[in-house]
Amino acid sequence: MSTTPRTRPMTAAQVLNHASEAAAHGRGVLPADVTVRRQYEDLLALARQVLPRVTTPEKLLEAADELHWRAARLAAAASLPEVPSLAEQEKMIGRNVQAAAARTVAAARRAGTPVTVELLVAAYDMSDDLAARTLRGTAAGC
């Protein structure tokens, strides 16, 4: 869970760039940021799972899509405060996910961190509609 307020949201491209730099030049090139290091480890673990399945060009596209999707989730989770880890989220069901997202929105607003529908969708793998309702339900003054 990220507790560091960020002035700008991270992007999947940044997460993937850090991972590719570390793959090319070693982990020493990673920023000291613990979140970035955890993102790298998460992507590396996912790559170990999906890459052995790559036997066709279609499977390569599926693997790349899965890695990009994970990078987008990791970036969004790092951009917002109090986002549960992906493992914690997998154990949650419906209302628990929305409640966690509402807590994230409230914490982001207290910290002055910009929060958008797109960030909530990526951080919690929720629909645009549910993310929008979560943002409206936790509007300032509610």
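How much area does the chain expose, and what share of it do carbon and sulfur atoms supply? I began with this surface, keeping in mind that the model is predicted, and I noted that the chain exposes about 8300 Å², of which carbon and sulfur atoms supply 56%.

**Entry 1, the chain as a whole.** I went through the secondary structure and found 7 helices and 0 strands, so that from the N terminus on the elements read α-α-α-α-α-α-α. I then looked up the radius of gyration, which is 16 Å and close to the 14 Å that the globule rule gives for 142 residues, so I recorded the chain as being as compact as a globular protein of that length. Taken along the principal axes, the box that the C-alpha atoms fill is roughly 50 × 30 × 20 Å. Of the 142 residues, I noted that 39% are buried, and that among contacts with a separation of 6 or more, 61% are accounted for by residues 24 or more positions apart. For the charges, I wrote down 17 positive and 15 negative side chains, with the centres of the two sets lying 6 Å apart.

**Entry 2, helix α5.** I turned next to α5, which covers residues 94–111. Does the distance between its ends agree or disagree with the span expected at 1.5 Å a residue? I found that its 18 residues should span 26 Å and that its end C-alpha atoms are 26 Å apart, which agrees. The buried residues that I listed for α5 are Val97, Ala100, Ala101, Ala102, Thr104, Val105, Ala107 and Ala108. Before reading that list further, I reminded myself that an α-helix has 3.6 residues a turn, so residues three or four places apart point the same way. I then asked which helices the buried residues of α5 pack against, and I noted α6, at 117–124, and α7, at 128–137. Just after α5 I came to Gly112, which takes a positive phi of about 75°.

**Entry 3, Gly94 and Ala72.** I placed Gly94 in helix α5 and recorded it as exposed, because its relative accessible area is 54% and the cut-off for exposed is over 50%. Ala72, by contrast, is found in helix α3, residues 57–79, and with a relative accessible area of 23% I noted Ala72 as partly exposed. From C-alpha to C-alpha, Gly94 and Ala72 are 21 Å apart in space, while in sequence they are 22 residues apart. I also looked up Ala72 against Ala123, which stands 51 residues apart from it along the chain, and found that their C-alpha atoms are separated by 7.9 Å. Which residues is Ala72 in contact with, leaving aside its neighbours within four places in sequence? I wrote down Ala12 and Ala122.

**Entry 4, positive phi in loops.** Lastly I looked up residues that have a positive phi although they are not glycine, and I took Glu82 to begin with, where phi is about 60°. Glu82 lies in the loop between α3 and α4, the latter being residues 86–91, and I recorded Glu82 as partly exposed, with a relative accessible area of 34%. For Asp125 I noted a phi near 50°, again a positive value in a residue other than glycine. I placed Asp125 in the loop between α6 and α7, and its relative accessible area of 48% makes Asp125 partly exposed.

Technical notes
Residues numbered from 1 in each chain as written. Predicted model: local features only at pLDDT ≥ 70, side-chain atom pairs only at ≥ 80, totals over all residues. Heavy atoms only, no water. Rg over C-alpha atoms; globule rule 2.2 N^0.38 Å. Buried < 20%, exposed > 50% of the residue type's maximum accessible area, 1.4 Å probe, protein only. Contact = heavy atoms within 4.5 Å. Areas by Shrake-Rupley, 256 points an atom, 1.4 Å probe, with all protein chains shown as cover. Lys, Arg positive; Asp, Glu negative; His and termini not counted. Charge placed at Lys NZ, Arg CZ, Asp CG, Glu CD. Expected span 1.5 Å × (residues − 1).
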